[in-house]
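Please look over this chain and its fold. A short report on selected features is wanted.

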Amino acid sequence: MRGQRIVEVPEIEGSLPCQYFGKNLCAGCYSEDVYRIRRVKVTGRARTPRKGLLRAGVWREWTYEDWKRLKQLFPERRYFLVSRGLWKPEHYEEVLRDPSCVNLQVSTWHVGDGFSPDRQTLQWLLSTSPKTIIRLLTTQENAPSFAGLVKETGMWWRFMETPLRKHGGMKTYGTETPLQALGVRVGIRCNTPCEDCTRENGILGCAATARMLERIPSLPEFRPERHEPTPKVRYAWSEITVKALRSLGGKASLRELYERVKEQNPGIEKNAMWQIRVRSRVQEVGTNVGRGRWALKEPQLVMVKARTTGFPHRESS
Ligand code: SF4
C-alpha cells in the first residue's frame with residue numbers, strides 16, 4: 001500500500017489453528033472458515049517484511065505469549081494489536097505501556113442483548129489508555145445497539161466501525177456504513193481496502209496513535225465518497241486454475257500461472273484475494289515439482305473426451 005505498509009507476522013501466526021477454535025468463546029468467528037486459505041498463505045518460510053507497521057492478530061486471536069514472542073523477535077518495531085478482550089487486564093496494561101505499540105484495537109461483537117467483550121471491560125480498556133480503539137463489527141441489525149454504546153461512552157472518536165460483509169454478498173466497500181446510516185459518527189471506518197483507507201478516513205486507520213485520535217474531534221468532519229453496493233463477480237477458482245495450468249502444458253511456476261490467469265480472465269485483479277485463491281487451488285489440483293513450480297495431478301490431465309470415446313485421454317504431458 002501507499003505510504004505506511006501494514007504487514008503480518010507469519011512467524012507467529014504461522015499455520016497453526018487458533019487456540020480458541022471449537023471453544024465457543026468468540027462470537028461470529030470467521031477464522032475457522034478461512035483457516036484453509038491462511039494455511040496456504042503462511043505455509044513454508046514466510047517471513048515478516050523488513051519494513052512496515054506490524055499487525056499483531058490477523059487470522060486468529062493472539063495470546064499474551066504470542067505477544068511476548070513478538071517482542072523477542074522485533075523488540076523495537078512499531079505494531080498494533082487486534083484482540084477480542086480475552087486477556088488478563090495486567091497483560092493488556094503491559095501492551096499499552098509499550099512505546100512501540102501504536103494502538104490496541106478491541107474487536108467487539110454484538111451477542112444476545114449485550115457485547116463481547118462486555119460493557120465493563122470496554123469501559124476499562126478505554127479509560128486505562130488513550131491508545132485503545134474499540135472496533136465495532138456492525139450490521140444493519142446490530143447498529144442501533146452499537147450506536148447506544150458509542151453514545152454511552154461519550155468518546156465517539158475512540159471507535160472504529162467495521163461493517164460485516166456477507167459471504168458471497170454485494171461489494172460494500174466504500175458504501176454508507178450501518179452506523180453512518182443512523183447518523184452516528186465514529187473516529188475511523190474500516191470500510192475500504194487498506195490502500196484506500198486515507199481516502200475514507202483522512203488517516204490510515206490502523207496507524208492512529210493516541211495523539212491522532214485525540215485530535216479527531218477538533219478536525220472538520222471527513223466526508224468520503226460514497227457509491228451504491230455492486231454485485232460481486234463470482235469466479236470458479238478451481239476451473240480457472242486448471243484451465244491456466246493446462247494451457248501452460250500442465251506445468252508452470254506460480255508467476256507464469258498468475259500471468260496466464262490474468263490473461264485469461266481480464267479484470268480478475270480487482271478481486272483482492274485472487275492470487276491467494278489461485279495459490280490455494282493449485283495446491284489442490286497440482287503437485288509441487290520444484291521450488292514454486294506446479295504440475296497438474298494425473299486426474300486433471302484426463303480429458304473430458306472420455307465421455308465420447310469411453311477412454312480417458314491425456315491432454316498434455
Ligand atoms: S482499511 Fe484502514 S482501518 Fe481497515 S484494516 Fe486497513 S488500515 Fe486498518
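The report below goes from the whole chain to strands, prolines and a helix pair.

**Whole chain**

This is a predicted model. The protein chain has 14 helices and 11 strands. Of its 317 residues, 30% count as buried. Contacts with a separation of 6 or more were also sorted by distance along the chain: residues 24 or more positions apart account for 66% of them.

**Strands 2 and 3**

Strand 3 covers residues 79-83. Four of its five residues are buried, so the strand is mostly covered, given that a residue is buried if 20 or more other C-beta atoms lie within 10 Å of its own. Strand 2 (residues 53-56) runs parallel to strand 3, and three bridges join the two. Take leucine 54 as an example: its bridge partner in strand 3 is tyrosine 79.

**Two prolines**

Proline 89 is found in helix 4, which spans residues 89-97. Is proline 89 buried or exposed? Proline 89 is exposed, because 12 other C-beta atoms lie within 10 Å, and a residue with 12 or fewer counts as exposed. Tryptophan 124 is 35 residues away from proline 89 in sequence. In space, the two are 8.9 Å apart, C-alpha to C-alpha.

Proline 117 sits in a loop. That loop lies between strand 5 (114-116) and helix 5 (119-128). The peptide bond joining serine 116 and proline 117 is cis, with omega about 0 degrees. For context, most peptide bonds are trans.

**Helices 11 and 12**

Two packed helices are described by the angle between their axes and the distance between the axes. Helix 11 (residues 254-264) packs with helix 12 (residues 274-285) at an angle of about 120 degrees. Their axes are 11 Å apart. That angle makes helix 11 oblique to helix 12, because it falls outside the ranges for roughly parallel (under 35 degrees), roughly antiparallel (over 145) and roughly perpendicular (65 to 115). The crossing of helix 11 past helix 12 is right-handed.

The table lists the residues that make the contact.

| Helix | Contact residues |
|---|---|
| Helix 11 | Leu254, Leu257, Tyr258, Val261 |
| Helix 12 | Gln275, Val278, Arg279, Val282 |

How do the residues of this contact divide into nonpolar, polar and charged? Six are nonpolar, one is polar and one is charged. Gln275 of helix 12 is the polar one, and Arg279 of helix 12 is the charged one.

Definitions and conventions:
Residues are numbered from 1 along each chain as its sequence is written. This is a predicted model: local features need pLDDT of at least 70, side-chain atom pairs count only at pLDDT 80 or more; totals for chains, interfaces and linings use all residues. Axes are lines fitted to C-alpha atoms, for helices over the stretch in contact, and angles run from 0 to 180 degrees between N-to-C directions. A crossing is left-handed if the near helix is turned anticlockwise from the far one by less than a right angle, and right-handed if clockwise. Two residues are in contact if their C-beta atoms, placed from the backbone, lie within 7 Å. Two strands pair if DSSP finds at least two bridges between them.
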